Amino acid sequence: MDRTTRSRRWLGAALALAVGTGLSLMGIAGTAEAADINVAKNAGFESGLTNWTCSGGSGVTASSPVHGGASALKATPAGQDNAKCTQTVTVKPNSTYTLSAWVQGGYTYLGASGTGTTDVSTWTPDSAGWKQLSTTFTTGSSTTSVTVYTDGWYGQAAYYADDVSVFGPDAGGGGDPSPTVPAAPGGLAAGSVTSSSVALSWNAVSNATGYNVYRNGAKVQSVTGASATATGLSASTSYQFQVTATNAAGESAKSAAVTGTTSATGGGGGGGGGSVPKHAVTGYWQNFNNGATVQKISDVPANYDIIAVSFADATGTPGGVTFNLDSAGLGGYTVDQFKADIKAKQAAGKSVIISIGGQNGTVTINDSASATNFANSVYSMMQTYGFDGVDIDLENGLNSTYMSQALRSLSSKAGAGLVITMAPQTIDMQSTSNEYFKTALNIKDILTVVNMQYYNSGSMLGCDGKVYSQGSVDFLTALACIQLEGGLAPAQVGLGLPASTSGAGSGYVSPTIVNNALDCLARGTNCGSFKPSKTYPSLRGAMTWSTNWDAKSGNAWSNAVGPHVHALP
């Protein structure tokens, strides 16, 4: 597809763009007069952006996701800037080169210009895992340098690139040294378990591009990140695990062994959730006064099955969180009353959880230490206030590796009754390569529900590749379809909407629209133009921001949506 065509087809569509990592340019020498080498410089972005130039300051290095090593390029399109990142490499005239790239995520372009003959480019619309792009070009009779590039597309999400290799005839410019075999991973640990699975995590190895997992001496799994879940195990059985690190140079020695023992009865498979009903309504309760009706927990209507207390506060410790009840802003609501109200809701079969993040949330979990701090501090709040679990509402991004590690650590402390919910924005769930989506899939065995926010969004792609605008049944159903067909169980998918026009800047729809979307997904009725290929009767339900704005409108939202959710098949 040329750029004129893709401009016509995709300009204005909002979608998540998460480009996976890996770019290589391999040459095929026309003669055998010199050995082919990798002539790209700073191939893995381990030295920041040295040797690379990104348009408009759009590029930075990121620690996750990476294809190999410890860093990758992250480039973010903005306005009329498509986040083009380039490197000029030294080449020989009259030589043929193969340009290739390992990519992951949304729409990604890879190309070469200034070849002296025909410039080339290639692209991919989407890839949930690593995928290799490849094209070839031939240099002209006087060409001594070529510019290779990656770019995204105007107004779309950030993309990532890593492990650049320009392999071909050496024209005297040299290149990065060949990779060495990585060291054995350290820090291997067994985390949460079920009757058939054991979660494993370990320390990343700087020059590794992948890892192999061994169970009782036999290789059973290959992964790209520093965590894995061993599945298909027998109940009440101990297993010995080891891991190795790999790259193009070979495989490391095995790590020190760790033993994981499965439980007698499973706590996962269909997700966590304790006493959460088959079909549930989630409502956010505001620990502040912003003009909505001020409530105590006891004021929240019975139509709400999960009450998410909003929000926890970050501490001075990386990853650490705490909760401070706004007694003054809530009319003198005391901590003792708050705790008693939580117990009363639980006695009535409800779950009360603590929400982390929100629009202004500043909690960052980006390494093992902060993941541990997060798990410990959330568990401490659960013990102090009686919370049933945690809601992840980090609207400024998250790291799937370490958030998954944190939540599994919390699960190992809290047990099978832990409630875990998530409230990503629409952009976060457009592709399984996005960090939020990856986190949800990583913890699928302990995840209760993902209530994506179908508001403050604008237009997004549905699972059929078409663009839908917020405010319609089609927007809700076509976007939910991405999660339902992308790996989440129907019981782990809910529709998040504002309770009134005051609850969000845009995207409010009437309860009738919400109920029609629920019917379309669960029963195949009341659909708009988009009709899912099958029904999902076990769809979990719906969520709203907030119980307070709902109360301000006479509980119109929960009075209409609550009974409808509870009557789903």
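Two strands count as paired if DSSP finds at least two bridges between them. Helices (H or I, at least four residues) and strands (E, at least two) are DSSP runs, numbered from the N terminus. I keep both rules at hand for these entries.

**Ground rules.** I am working with a predicted model, where local features need pLDDT of at least 70 and side-chain atom pairs count only at pLDDT 80 or more, while totals for chains, interfaces and linings use all residues. Residues are numbered from 1 along each chain as its sequence is written, and side-chain values use heavy atoms, with hydrogens and water left out.

**Entry 1, strand β6.** I started with β6 and looked up its partners. It is joined to strand β11 (residues 145–151) by 6 bridges, and the two run antiparallel. Thr 88 has Thr 147 as its bridge partner in β11. Strand β3 (residues 53–54) also runs antiparallel to β6, with 2 bridges; here Thr 53 is matched with Thr 86.

Then I asked myself: which side chains of β6 (residues 85–90) are buried? For this, buried means under 20% relative accessible area, exposed over 50%, and partly exposed in between (1.4 Å probe, protein chains only). Cys 85, Gln 87 and Val 89 point to one face and are buried, whereas Thr 86, Thr 88 and Thr 90 point to the other and are not.

**Entry 2, a small open sheet.** I found 3 strands in the order β4-β5-β12, with antiparallel pairing. At the edges are β4 (59–62) and β12 (159–161), each of which pairs on one side only. Neighbouring strands here are turned by 35° against each other on average, direction ignored. I also checked β4 against β5 (residues 72–75): 4 bridges join them, and Thr 61 has Leu 73 as its bridge partner.

**Entry 3, two helices.** Next I looked at helix α3 (residues 368–385) and helix α4 (residues 400–414), which pack at about 35° with their axes 8 Å apart. Axes are lines fitted to C-alpha atoms, for helices over the stretch in contact, and angles run from 0 to 180 degrees between N-to-C directions. Counting contact as heavy atoms within 4.5 Å, I noted Phe 374, Tyr 379 and Met 382 among the α3 residues involved, and Tyr 402, Leu 407 and Lys 413 among those of α4.

**Entry 4, aromatic pairs.** Rings of Phe, Tyr and Trp (its six-membered ring) pair if their centres lie within 6.5 Å; planes under 30 degrees apart count as stacked, over 60 as edge-to-face and the rest as tilted. That gave me 19 aromatic pairs. I picked out Tyr 109 and Trp 123, which are stacked at 5.8 Å centre to centre with 10° between the planes. Tyr 109 sits in strand β8 (residues 108–113) and Trp 123 in strand β9 (residues 120–124), 14 residues apart. Tyr 109 is buried at 3% relative accessible area, while Trp 123 is partly exposed at 24%.

My second pick was Tyr 454 with Phe 475: their ring centres are 6.3 Å apart and their planes at 85°, so the pair is edge-to-face. Tyr 454 lies in the loop between β29 (449–453) and β30 (460–461) and Phe 475 in helix α6 (residues 473–485), so the pair ties together parts 21 residues apart in sequence. Both Tyr 454 and Phe 475 are buried.

I also noted a cluster linked by ring pairs: Trp 285, Phe 323, Tyr 333, Phe 338, Tyr 385 and Phe 387.

**Entry 5, helix α5.** How many of the 8 residues of α5 (residues 435–442) are buried? I get 6, namely Glu 435, Tyr 436, Phe 437, Lys 438, Thr 439 and Ala 440.
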